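Me: Please take a close look at one part of this model and the setting around it. Keep the sentences short, and give the cut-offs as you go.

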Amino acid sequence: MVEPDQPSTGRMIDFWLGGDHHFPVDVAAAGAFEQAYGPCAQIFRELRAFLGRSVRAIAARGVDGFLVFGAGVPTMGNVHEVAAEATVLYTDVDPVTIRLGQRILAGSDRAGYGYGDATDIGTIDPAQLHRFVPGWGRRPVGVVFLGLAAFLDDETLARTLDELYAAAAPGSCLAVDFDSEELAGHPEALAMMGPAFRMRPPADFPALLGRWTPTEDGVVAVGDWRPEGRPASVPDAFYGAVAVRGDH
Ligand SMILES: C[S@@+](CC[C@H](N)C(=O)[O-])C[C@H]1O[C@@H](n2cnc3c(N)ncnc32)[C@H](O)[C@@H]1O
């Protein structure tokens, strides 16, 4: 594969998780970020563990099709690996990560990867959507929206989540996370996230979900969401929830 000249946060997370699907430019960016902030591997392991617990909880409700936005690299405990019976469509906007994902999933008949801008679900190839998320709009599905909210302003995020609510069938579930203000004390690291990056106070998170109703677990630091054992002692950089689409 042609090496990218720009890093991507999705591939940096693969590096932090100990995966094999990233490039020197991603490792360099991850190293620079850690210089400015501090060690990141454990924080992203906690976020990936939340993905695992939330996806398993959604699958336990009988959901067997998942649509993943801002998917990054589809390995290291990603959705089709934890929901082993489900079909999964991963989407992202980063062309290099999409090609990488398509290569990783080339042998899979139940998981695929394609272009999809979360802010406009019309950008997803309908053939891929109906192949990997059968019954989209007619039967309950899982929508995975992790590591993405921080790159959307409040208005875009609220509109996007509302459009997903309208498009998904009643009973569908959303796994979502938000970035806290953890980076406020690390201005150099914050600057590396780019001008679009949004930190938010945790009190703002529930309202951003709009019509999606969080489960009784609420919107909590990801390590505290149905923890299995004692949560690792890491900064509360991410808050997460599983939220359900009602009948209206
Ligand atoms: C921080 S990574 C998260 C990766 C993975 N979801 C995880 O939690 O480990 C954010 C990803 O969102 C993608 N992205 C950014 N803006 C997007 C958009 N508007 N629609 C879809 N993906 C987007 C980036 O290319 C990147 O792969």
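Reply: Asp20 is exposed, because 10 other C-beta atoms lie within 10 Å. The cut-offs are 20 or more such atoms within 10 Å for buried, 12 or fewer for exposed, and partly exposed in between, with C-beta atoms placed from the backbone. The model is a predicted one: local features need pLDDT of at least 70, side-chain atom pairs count only at pLDDT 80 or more, and totals for chains, interfaces and linings use all residues. Residue numbers start from 1 along each chain as its sequence is written.

Asp20 sits in the loop between helix 1 and helix 2 (24-36). Helices (H or I, at least four residues) and strands (E, at least two) are DSSP runs, numbered from the N terminus. Across the fold, the C-alpha atoms of Asp20 and Thr75 are 9.2 Å apart, with their positions 55 residues apart along the chain.

Now the helix before that loop. Helix 1 is largely enclosed by the rest of the structure, because eight of its eight residues are buried. The buried set runs Thr9, Gly10, Arg11, Met12, Ile13, Asp14, Phe15 and Trp16. The cover over these residues includes helix 2, helix 3 (41-60), strand 2 (87-92) and helix 5 (95-104), where a contact means C-beta atoms, placed from the backbone, within 7 Å. Gly18 follows helix 1 with a positive phi, near 85 degrees.

Helix 1 also matters to the ligand shell. Helix 1 (residues 9-16) gives the largest share of that shell, three residues. The shell holds 20 residues, and Gly10, Gly70, Gly72, Asp94 and Gly147 come nearest; a residue counts as near if its C-beta atom, placed from the backbone, lies within 6 Å of the molecule. By class there are nine nonpolar, eight polar and three charged residues. Here Ala, Val, Leu, Ile, Met, Phe, Trp, Tyr, Cys and Pro are nonpolar, Asp, Glu, Lys and Arg are charged, and the others, Gly among them, are polar.

Strand 2 is part of the cover of helix 1. Strand 2 is itself largely enclosed, because six of its six residues are buried. Thr87, Leu89 and Thr91 are buried on one side, and Val88, Tyr90 and Asp92 on the other. Strand 1 pairs with strand 2 in the parallel sense over four bridges; pairing requires at least two DSSP bridges. Val68 has Tyr90 of strand 2 as its bridge partner. Strand 2 also runs parallel to strand 3 (residues 111-115), over five bridges. There, Tyr90 stands opposite Tyr113. The chain crosses from strand 2 through helix 5 to strand 3 in a right-handed β-α-β crossover: with the strands pointing away from the viewer, the path from the first strand over the helix to the second runs clockwise.

Helix 3 is another part of that cover. Its 20 residues should span 28 Å at 1.5 Å a residue, and the end C-alpha atoms are 28 Å apart, so the two agree. The expected span is 1.5 Å times one less than the number of residues. Buried in helix 3 are Ile43, Phe44, Glu46, Leu47, Arg48, Phe50, Leu51, Ser54, Val55 and Ile58. Their cover includes helix 1, helix 4, strand 4 (142-145), strand 5 (173-179) and strand 8. Gly62, just after helix 3, has a positive phi of about 100 degrees.

Ala57 lies in helix 3. Ala57 is partly exposed, because 18 other C-beta atoms lie within 10 Å. Beyond its neighbours within four places in sequence, Ala57 is in contact with Arg226 and Val242. The C-alpha atoms of Ala57 and Gly19 are separated by 25 Å, at 38 residues apart along the chain.

Arg226 belongs to the loop between strand 7 (220-221) and strand 8 (238-244). Arg226 counts as partly exposed, because 13 C-beta neighbours fall inside 10 Å. Its phi is positive, about 40 degrees, although Arg226 is not a glycine. Most residues other than glycine have a negative phi. Met76 also has a positive phi, near 55 degrees. Met76 is in the loop between strand 1 (65-69) and helix 4 (79-82).

Last, strand 5, which helps cover helix 3. Six of its seven residues are buried. Strand 4 and strand 5 pair in parallel over four bridges, with Gly142 opposite Cys173. Strand 5 and strand 8 pair antiparallel over seven bridges, with Asp177 opposite Gly240.

Key:
Two residues are in contact if their C-beta atoms, placed from the backbone, lie within 7 Å.
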